[in-house]
Structure formats: C-alpha cells, structure tokens
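Please look over the sequence and the structure before reading on, and keep both at hand while the paragraphs below lead from one region to the next.

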Amino acid sequence: MKVLKFGGSSVATPERILSIISIVKPRIDAGEELTIVFSAFGGITDMLIEMSELASMGKDKYIALYHQFKDRHSNAAKELLSPDVYNSLSISMDENHETLRDLLKGIFLVREASPRTMDYVLSFGERNANTIIAEAMKEKGIRAAFLDARQIIKTNKEFGNAKVNFKLTDPAIQEYYKERKGTVQIVTGFIGSDIGGLTTTLGRGGSDYTAAILAGALHADELEIWTDVDGVLTCDPRKVKQAFTIPQLSYAEAMEMSHFGAKVIYPPTIQPALRRGIPIYIKNTFNPGFIGTLIHKEHDPTFKSTIKGISSLGNLSLIRLQGSGMMGVPGVSARLFSALGKEKVNVILITQASSEHSISIAVTDKEAKKAIIAISEEFEKEIEDNLIEPVKAETDLCVVAIVGEQMKNVPGVAGRLFEGLGKNGINVIAIAQGSSELNISFVISKHDETKALNAIHDSFFLSNTKRIHVFMIGVGLIGSTLLRQMREQNETLKSQNSLEIKVCGLANTKKMIFDENGIKLSDWENQLKSSESNSNIQSFIDKMIAMNMSNSIFIDNTADSAIPDLYHQVLNASISVATPNKIAASSAYTNYNHIKQLAKKNNVEFLFETNVGAGLPVISTLRNLIHSGDRILTIEAVLSGSISYIFNHFDGTRPFSTLVKEARELGYTEPDPRDDLSGADVKRKITILAREAGYEVETDDVMISPILPDSCTIPKDVDGFFAALEKEDEHFNRLLEKARSQKGVLRFVAKAQDGKVSCGVEIAGPDSPFYNLGGSDNMIVFTTQRYKQRPLVVRGPGAGAEVTAAGIFAEIISAGN
C-alpha cells in the first residue's frame, strides 16, 4: 500500500485534476495499491474563511463569495464528468451547498463564527473536491470510492487544531480498509470528527497529516506528498533564487525544517511515518518525472554541504523576562512556561543567559500580547518589588534556522554562519542551539530575513561560490567600460574564481534601473534608456538600501561632489563603496577618517585604489608595506598622466605650448588644460597617499610650486590661455636648458617626507627613477626602512578608461574574497 496526497494547487483546475489522473492511473493499472488524499481546490479554504468572517461581521458580501464557491465546484464537475454522472452528482452537491448556505446565514444572523462552526464550514471544501475527483476517476476507468475521513479519523474537541485519538483512529482505518480491498479510496484531507460525530479539523496543512495517519495505520510501504515544487528545497525559492532540491532528509532534519517555516511539509505529518519507519517522498505534480526528496530514518552522508537546509519563520516577537530576582531562584522557568501553557501560547524558540538573569522566548506577533499579559500576571509580585523588569516585546522579527545532522561532526559551522551575517551587517538578537547540534536558530529583524537567507545560502551551498551585488552610478566612459569588462569576464570568474557578479542597479544623469536578479549586461543601455524611473542620487541610494541584498557594493564612477556626502548612508547600511572619485578621500581629514572608521565599524570596505594611478596597485602596495611593519620614509611620485605626457615629450624640438595643445587634442587634458597644469589633481592625489602613510594632512597643507606663470592664469577662455602660453615658451625653454645643464630632465613631482607634502617642477638627473619615464605613465617611488638603498617603484599608465575600469573591477573582486 502506498498513500498519496495532492495539495490544493495540484487540484486547482479541472485540467490539473486530469493531469493527476494521468499520473496515478498507469500505476493503478500496473497493480500498485494506492490510497489518495486530496485537499480542497486551490484557494477554496481561504474563500470559506473569508465568507464566514464577512457573515460574522454582518456583511452580506459573503453571499457573492458563496455563489463563487458553488459555481466553481459545479463548473469543475461539469467539465470533468459526463452529463449523466454530473446530473446525478449535482443533486447531492446542491444539498451540500444548501446546507452551507443555511450555515452561513446562521452565522450572519448571530454575528458569530465559533471554532466548532468554522470547522464544519471548512469541511465543505475537502468534501466537495474529493467527491468530484472520485467520480472523475471512475469515469477514467479507475475503481475508486469517496471516503469521508470523518468516518475513520477520531479526534478530541479542540476545534481548529484537533488532536488525533490514535487508539480509536488506527483500528477504524484498518477495519474500513479490510472490507474494501481493490478499491482506490479517495479520502478527504484536513478533517476528522470527535467521538460524537462533530466535524473537526487538523490544523492548516492538515491534509498532509491525514495522509500520514492513513500511512501509519495501514503500515504503508511509502507516503507520497505531491505539491507544486520539486521536493524540499535548501531554502524558500521565493527568497533565495539559487535554492535547489535536497535529495534526502532524515526525519529529524525534516521536522526541524518544517518547525522553522519550511512550507513543503506540515510538521505533524512526520510523526506517524517516523513511528512506523515509513519513507516519505515529496514530489512535484507539475514535474512528475523529477525524483523529489526522500525523507527516511538516516541522514545522507554524501550530501555536499555541512547543512541540509535553511528555514525561516517571520512575524515573530521576542519577549524577555529578566531581572536580578531570577538569579539562583528555582522554579522561574517552570512558572513562565506554565503561565504560557495555560493561555495556549506556542513558544517557537527559547534562550536563557548562563547567568540566569534573563530568559527570552519567541512567539508569533498574534500571541505576543496574550503572552505578555500571562507572564506579567504570573510575576506580578516580583515586578512590583523591582526584582523582575516589566515584560516587553520586541516585534517585527523572524527566526532563521540552519539544519543538518552533519553539523555535529564538523567544527566551525557556527563561526562560518555568524561571520557571513556580520559581514552583511545583520544583527543577531538571540541564539539557540539544541544539544543534539541538529540546528542553530537565531532571531534577527524581519527586514534582514531575505538578506540573511541569501548570505547563508551562498556561504554553505554554492560550492564556495560567492555572489556580489553591484549598484553603480555613472555609466560614462569608465562605467560602460567596467560593465563590458564584467560581462566578458563573468563566466571565467564563476568557473575559476567561484565568484558571480550581478549588477542590480544602474544610474546615469537621466535614468536609473534596478533588478534584484541582475541587469542583463548585454542590453543594459537599452534597459536604462527605456526606464521609467528618473535619476535621483538620494532615491538611488534609498532603493539600494531598501533592497537589502547580501554582499553589496556601491560604485561611484562620477566626479560629482554631492555623491561622496552620501557614502556614510551606504556604509551604515553595510554596503561597501568603491570609487575613482577622489573627493571623499581628499576631503577634510576628519571626514576622510570618519568614512574609513564607518567602513571598519560596519565590517565593509571603502575602496579608492583608482584615486591614485588608475589601475596601478599604488594604495594597496602602500598599505601592504605598512601592515607588514615597514616604515615609510619618503613618497615621491609623478601622478598626472597629462603633465607626464607633456614633460616627457618636452625635449626642445617643439615649443611647450605646442605640446600642451597636442595633449589636449589627444584627450590627455581637460578641455581647459589649466585644470591639469594647475596641479590641483596632483595635490589631491599626494594628499591621499600621505594620509594612507599616516600623515594627518589637509589638501591646503600641500605646498605647490605652480607650473604656469601668472600670465597664463589670467585669461578667461582657452584661446586666451594658449595665446598667453605661447608668449611664455621662452620661460619653459630656460627651464629645459637649466635641466640639461645638470644632465637632467623636467618632471612634475609630488613628495611626502618628514611630515611635509609638496609638489612642483623638479630636475630629475640620470640617477633618478623619473629620468627615463616615458609616454603618459605615472610613477610612484616608495623609500622605506626596508627599501632604502633601492626604493620600491610602481610604474604604468595612470589614466584611461580601460585601466581605471580594470582597477575598479579588481576592487569589486577583492570585496568578494
């Protein structure tokens, strides 16, 4: 004997019912002995609850819902059955519907729907559905019979969540089936009856339980729960897109997962199967060929992860009983749980401080008020005497649990778990772990639920693959190049580096778009252009924070001075920042230091490697020297690609003004070259390097020897500037001649030494590392305690979209490691 159960979504339409018949008929024809339990049609139970609630409030809108209920079942029967069978069945269905109508009218008149009445109302869903399905199976040549479970499942009178009397139920089931061998029983799920025959229900999800009760009583070979997903998944797929089917679970693992919110299986279902050692299969009605999940005695030692699954239960409150009057006092816990038990408050999680100073319990939000009253009344005297603090509840919480029997054999699971949560800025409010080490459960804010589930799932299940969620403002030359580089490299990163990068937000000056599943990088321009959301920096950041995605990084590819003012919001949301924008790192020292401390406090990164030297490893090299214990003596650097190009090519064959024009035409300088030749950009860069070396320096502290004579700074337009510059060509020729007389070349060098920072034109002799500098390269020279005789040199292109984008890309990757 095998017992099968099909849920409401599986029988929501006549087409789905026919699909189920096509699944079971070949098995019956092949000789399998089956009993099949069906829930009410999808949505019907909610409809019955709603019409009862409306009637109890005196609202006649329930009548329209009643007619929808009646029509839906009549139409389903008409579609599934031949006219003769339908006409015959419709007589008994009409009688049922009249009974329901009268029942609802009674509720309307007395303005009350008692639990006893509600159980009777809800039974109409299962009874109607199973009657129709049984007849449909007969029409398809299956020897089937309708079985009202109220005949065989006996319970107490705890209406709404009745407890099964197995001493009466098991013999009743066995006796009933003994006389009906060879007939497929189509059994109503969810309902039973008390000894006097009153209708009861087994609680929401009770159809699973009905099937398990039958399986246990009949000593079935297996129990199959058919639902609308491919078995038990590692996590809720609505919250974690990467969730996948768990091939096998032990009974204990399944019970833990179902207790903490896994919706695939109703918790009491497992008990009757466990007692008899009956294997449970969780299968998908819409993918019947898929093997699904097997739940049995043993856990699967071959499963690739330490944990089996992650469950979460939301809409919870955490209630604390605490005070000095609890310490060393016996019986406090007994009184607490006795008070809650009297009020039938279900406690989901318990944790107690080792000092005995406090006990915390998690209950549903609906029961929180009742629990507070019960506890406050029980400990009224202690609260009055200030031995125990007034009882309060912390609301809008959820419990997350990781489950797996293998955890007890592997050290470091808790460390890995809480490290992942900490890196994502998720605060753990309470923690509980059973002595069996089967689960670790913890309480967090409901707001962080999805973020936590994804962070944990990535950590334990994706073969160490880590996902990074990128939010980017600025998709100009650097931004678009970065997006292309990420698109081209994404597959390689996944296969070789176990890293997946998803761009979840993009913005330019006009539009912005978001997609938590990742924006398609091959078509991002069209998506951004067609977006209906107008760009707004604060709105972009607010949306990014509200999405609350794990392992997020914010990329600022702009030179906008307003965006760095918002970095503190981003960092406080536990989102890393990477930027080529130099404004934040070169702003007031207190602000620069505050941003770095915020990043440290929130366990995220503030990354600005590309502020100096574009993609060159300048800042990271400097930090590595310091972290390894070296002492920085001097930093000397050529930090401007445009100025470097001009001086590297200034050999007397062409006037200085001609080289500046050439650099402008090649795109090395800004439209007004004075923006580069003023040295302001170099000033910011050397300030950043000096700060990273430990100098508490402001940009105004940097002493700068200007390149341009005063006459070149006066003109208001670029043409006037070049006219003035041509007149100063002789000035630059004199500088060149002076350098040549010393067998040197001219270079614009920034320097940090002995607490002082400066930049200006210098003569670099043959012994200087800057002597052979060519093209538009940057060069940074670190003289340290260890690199004193031969300084450490970093040289390469210090500007350009490709190298700058590559530098940002490297920072994104480093944030994922």
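What follows is a walk through selected residues, pairs and helices of this model, which is predicted.

A convenient place to begin is with charged side chains. Side chains of opposite charge can pair when their charged atoms come close. Across the whole structure, a search finds 39 salt bridges, and three of them are described here. In one of these, the side chains of E32 and R27 meet, with an N to O distance of 3.1 Å. The two partners differ in how they are placed relative to the surface, for E32 is partly exposed, with a relative accessible area of 27%, whereas R27 has a relative accessible area of 16% and is therefore buried, the limit being under 20%.

Another salt bridge joins the side chains of E253 and K308, at 3.0 Å from N to O. This pair links distant parts of the chain, since E253 belongs to helix α8 (residues 251-259) while K308 sits in the loop between β11 (293-296) and β12 (309-322), and the two are 55 residues apart. Are these two partners buried or exposed? E253 is buried, with a relative accessible area of 1%, and K308, at 3% relative accessibility, counts as buried too.

The remaining salt bridge to be described is formed by E698 with R691, whose closest N and O atoms are 3.2 Å apart. Here E698 counts as partly exposed at 30% relative accessibility, while R691 is buried, with a relative accessible area of 4%. Salt bridges that share partners also join K2, R27, E32 and E224 into one network, so the pair of E32 and R27 described above belongs to that network.

Not every buried charged residue is paired in this way, as R127 in helix α5 (residues 115-139) shows. R127 is buried yet has no salt bridge, and the nearest side chain of opposite charge, that of D148, is 4.8 Å away. Because a salt bridge requires a nitrogen within 4 Å of a carboxyl oxygen, that separation does not qualify. Leaving aside neighbours within four places in sequence, R127 is in contact with N96, Y120, F146, D148, R150, T188 and I191, so that D148 appears among the contacts of R127 although the two form no salt bridge.

The next step is to see how two helices pack. The axes of helix α6 (residues 166-178) and helix α7 (residues 206-217) come within 9 Å and cross at roughly 70°, and α6 and α7 are therefore roughly perpendicular to each other. On the α6 side, the residues that take part are F166, T169, D170, I173, Q174 and Y177, which meet Y209, I213, L214 and A217 in α7. Sorted by class, this contact has 7 nonpolar, 2 polar and 1 charged residues.

Backbone geometry draws attention to two further positions. Most residues other than glycine have a negative phi. N386, however, has a positive phi of about 60° although it is not a glycine; N386 is placed in the loop between α12 (380-384) and β15 (392-403), and it is exposed, with a relative accessible area of 66%. D396 likewise has a positive phi, near 55°, and is a residue other than glycine, but its place is in strand β15, where D396 is exposed with a relative accessible area of 52%.

Three more residues complete the walk. S574 lies in the loop between α18 (567-572) and β22 (576-578) and is buried, with a relative accessible area of 8%; apart from neighbours within four places in sequence, S574 is in contact with N424, G425, K451, N602 and V604. S678, in the loop between α23 (674-677) and α24 (680-692), counts as partly exposed at 36% relative accessibility, and its C-alpha is 9.1 Å from that of I704, which is 26 residues away in sequence. I813, finally, lies in helix α27 (residues 801-815) and counts as partly exposed at 22% relative accessibility. Setting aside neighbours within four places in sequence, I813 is in contact with L493 and L499, whereas the C-alpha atoms of I813 and S92, 721 residues apart along the chain, are separated by 68 Å.

Definitions and conventions. Residues numbered from 1 in each chain as written. Predicted model: local features only at pLDDT ≥ 70, side-chain atom pairs only at ≥ 80, totals over all residues. Heavy atoms only, no water. Helix = DSSP H or I, 4+ residues; strand = E, 2+ residues; numbered from the N terminus. Buried < 20%, exposed > 50% of the residue type's maximum accessible area, 1.4 Å probe, protein only. Lys, Arg positive; Asp, Glu negative; His and termini not counted. Contact = heavy atoms within 4.5 Å. Axes fitted to C-alpha atoms, helices over the stretch in contact; angles between N-to-C directions. Parallel < 35°, antiparallel > 145°, perpendicular 65-115°, else oblique. Nonpolar A, V, L, I, M, F, W, Y, C, P; charged D, E, K, R; others polar.
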